[in-house]
Amino acid sequence: MTLINVAGTVFDWHTGSPLEGVTIEKLNNGKGTGQIVLSSVNGLYNIPIIDFNGLRFSHVGYKTQTFLDGAMFDGTANVAMVRDVQVLPDVVVSASRSSSLLWCLLGGLGVYYAYKKNWFR
């Protein structure tokens, strides 16, 4: 077993700006292992890994980058993330109004039932 400390910078391919909050996950046989780190405010990341064969970089609004050849990482891996133009086409926001303040704040039938039974008084 060989310990490799992979570090680098993740940035936006279009602007060259560093990306914060990119998820970097260790892969083994093409599947996620649960070993995850996030990039910092400056786009920097550092993930110590043993026996792996790839890394997956993902971020909301960007295409996921998967590198399956673990041997390509010699300790430094700078990654350019490409924007995903097929982001959600529409977002639907719905709201409702209730006449009971307790219902609005806590929600749920159980709480409303307890209120009606005077359990809170």
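Leaving aside its neighbours within four places in sequence, which residues is Y45 in contact with? They are V6, A7, G8, T9, V10, I24, S39, F57 and A77. Contact here means heavy atoms within 4.5 Å.

## The model

This is a predicted model, where local features need pLDDT of at least 70 and side-chain atom pairs count only at pLDDT 80 or more, while totals for chains, interfaces and linings use all residues. Residues are numbered from 1 along each chain as its sequence is written, and side-chain values use heavy atoms, with hydrogens and water left out.

## Overall build

The protein has two helices and seven strands. Helices (H or I, at least four residues) and strands (E, at least two) are DSSP runs, numbered from the N terminus. Read from the N terminus, the order is β-β-β-β-β-β-β-α-α.

Of the 121 residues in the protein, 25% are buried. Buried means under 20% relative accessible area, exposed means over 50%, and partly exposed lies in between (1.4 Å probe, protein chains only). The accessible surface comes to about 8,500 Å². Carbon and sulfur atoms hold 55% of that surface. These areas come from the Shrake-Rupley method with a 1.4 Å probe, and for residues only the protein chains shown count as cover. Now take the contacts between residues at least 6 apart in sequence: 49% of them join residues at least 24 apart.

## A sheet of three strands

Three strands form an open sheet. Their order is β4-β1-β7, and the pairing is mixed. Two strands pair if DSSP finds at least two bridges between them. β4 and β7 stand at the edges with a single partner strand each, so one side of each has no neighbour in the sheet. Neighbouring strands of this sheet are turned by 30 degrees against each other on average, direction ignored. The axes behind that angle are lines fitted to C-alpha atoms, for helices over the stretch in contact, and angles run from 0 to 180 degrees between N-to-C directions.

β1 and β4 run antiparallel, joined by seven bridges. N5 has P48 in β4 as its bridge partner. L3 is matched with I50 in β4.

## Two faces of β4

In a regular strand the side chains alternate between the two faces of the sheet. β4 has a covered face made of Y45, I47 and I49. Its uncovered face holds L44, N46, P48 and I50.

## The nonpolar core

In soluble globular proteins, nonpolar side chains tend to be buried together. The largest nonpolar core in this model has 15 residues. A nonpolar core is a set of buried Ala, Val, Leu, Ile, Met, Phe, Trp, Tyr and Cys residues joined through side-chain atoms within 4.5 Å. Those with the most contacts inside this core are V6, V10, I24, Y45, F57 and M81. Four elements give two or more residues to this core: β1 (3-12), β4 (44-50), β5 (54-58) and β7 (79-81). β4 gives the most, with three residues.

## An aromatic cluster

Rings of Phe, Tyr and Trp (its six-membered ring) pair if their centres lie within 6.5 Å; planes under 30 degrees apart count as stacked, over 60 as edge-to-face and the rest as tilted. By this rule there are two aromatic pairs. Y45 and F57 form an edge-to-face pair, 5.5 Å centre to centre, with 75 degrees between the planes. Y45 lies in strand β4 and F57 in strand β5, 12 residues apart.

Is F57 buried or exposed? F57 is buried, with a relative accessible area of 0%. F57 also pairs with F67: the ring centres are 5.8 Å apart and the planes stand at 80 degrees, so this pair is edge-to-face. F67 is in strand β6 (residues 65-67), 10 residues from F57. Y45 counts as buried at 4% relative accessibility, whereas F67 is partly exposed at 22%. Y45, F57 and F67 form one aromatic cluster.

## Two loop residues

G43 sits in the loop between β3 (31-38) and β4. G43 is buried, with a relative accessible area of 0%. Neighbours within four places aside, G43 is in contact with G8, T9, V10, P18 and L19. G43 and V79 are 36 residues apart in sequence, and 9.7 Å apart in space, C-alpha to C-alpha.

V85 lies in the loop between β7 and α1 (101-106). V85 counts as exposed, at 75% relative accessibility. The C-alpha atoms of V85 and Y62 are separated by 8.1 Å, with their positions 23 residues apart along the chain.
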